[in-house]
Amino acid sequence: MIDLSDLLVPDGVAIGLTAATKKTLFTQIGGLAGPLLGLNPREVAEALLAREKAGSTGFGGGVAIPHARIEGLDRIAVLVVRLAQRLDFGAPDDVGVDVVAAILSPPQAGAAHLKALARVARRFRDRRFVEKLRGAGSPDAVYALLTTDETRDAA
């Protein structure tokens, strides 16, 4: 399948977060990303919110893939959050979101940003994989699922 180890930020996985709004969620993602990536948490939250206002990043199946370009970032980074309760994201299937993969890219990433978005979307389109993420008991378990090639499970 798709190994995301080159994009996923170590320690960039959080589970059991609570957020009543997208703004609250993006603030939490900013708080997670800030110290890990040397970014201003508020700028991360604002960039994600600005992108979300252009159109929902709700992907369907309870998954959202918010993404933004952030000044001061030197690489594409993915953070994954699992929410304690579903949040309305305006997804096409009207299913609330509980799994979020946030993609942060440098402003000049261009095509690389789009390729990363496509990779993450392909990975999170697999419903069985998303169910495994939901069942993972710790951030380390989620990280392991995201960075392991699962082709061996196909046998």
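In this predicted model, the largest cavity is lined by Val13, Ala14, Ile15, Val80, Val81, Arg82, Val99, Leu133 and Val142. A search of the whole structure turns up one cavity of 30 Å³ or more, and the space inside the largest cavity comes to about 40 Å³. Rolling a probe the size of a water molecule over the atoms shows where empty space is left. Two strands stand out in the lining: strand 1 (8-17) and strand 5 (77-87) each supply at least two of its residues. Sorted by class, the lining holds eight nonpolar residues, no polar residues and one charged residue.

One of the lining residues, Leu133, leads on to helix 4. This helix spans residues 127-135, and Phe129, Val130, Leu133 and Arg134 are buried in it. These four residues lie on the same side of helix 4, because they cover an arc of only 145° around the axis. An α-helix has 3.6 residues a turn, so residues three or four places apart point the same way. Arg128 and Gly135, in contrast, are exposed on the other side of helix 4. The cover over the buried residues of helix 4 includes strand 3 (63-64), strand 5, strand 6 (97-105), helix 3 (111-124) and helix 5 (139-146). Strand 5 thus appears both in this cover and in the cavity lining. At the N-terminal end, helix 4 is capped by Asp126, with a side-chain oxygen 3.0 Å from the backbone nitrogen of Arg128.

Turning to strand 4 (residues 67-69), His67 has its place there. His67 counts as buried because its relative accessibility is 11%, below the 20% cut-off. The side chain of His67 makes a polar contact of 3.2 Å with the side chain of Arg51. A polar atom of the His67 side chain also lies 2.9 Å from the backbone oxygen of Ile65. Beyond its neighbours within four places in sequence, His67 is in contact with Leu48, Arg51, Thr57, Ile103, His113 and Leu117. Arg51 therefore appears in the contact list of His67 as well as in its side-chain polar contact.

A further buried position is found in helix 1 (residues 22-37), which contains Ala33. With a relative accessibility of 0%, Ala33 counts as buried. Ala33 and Leu79 are separated by 46 residues in sequence, yet their C-alpha atoms are 7.5 Å apart in space. Leaving out residues up to four places away in sequence, Ala33 touches Gly38, Val44, Leu79 and Leu104.

Technical notes
Residues are numbered from 1 along each chain as its sequence is written. This is a predicted model: local features need pLDDT of at least 70, side-chain atom pairs count only at pLDDT 80 or more; totals for chains, interfaces and linings use all residues. Side-chain values use heavy atoms; hydrogens and water are left out. On a 1 Å grid over the protein atoms alone, a cavity is a set of points where a 1.4 Å probe fits but cannot get out, and a pocket is an open set with protein on both sides within 12 Å along at least five of seven lines; lining residues have an atom within 4 Å of a point. Grid points are joined across faces, edges and corners, and a volume is the space filled by probe spheres set on the points. Ala, Val, Leu, Ile, Met, Phe, Trp, Tyr, Cys and Pro count as nonpolar, Asp, Glu, Lys and Arg as charged, and the others, Gly among them, as polar. Buried means under 20% relative accessible area, exposed over 50%, partly exposed in between (1.4 Å probe, protein chains only). The arc is that of the directions from the helix axis to the C-beta atoms. Contact means heavy atoms within 4.5 Å. A polar contact is a pair of N or O atoms within 3.5 Å; within protein, one must be able to donate a hydrogen and the other to accept it, and residues adjacent in sequence count only if both atoms are side-chain atoms.
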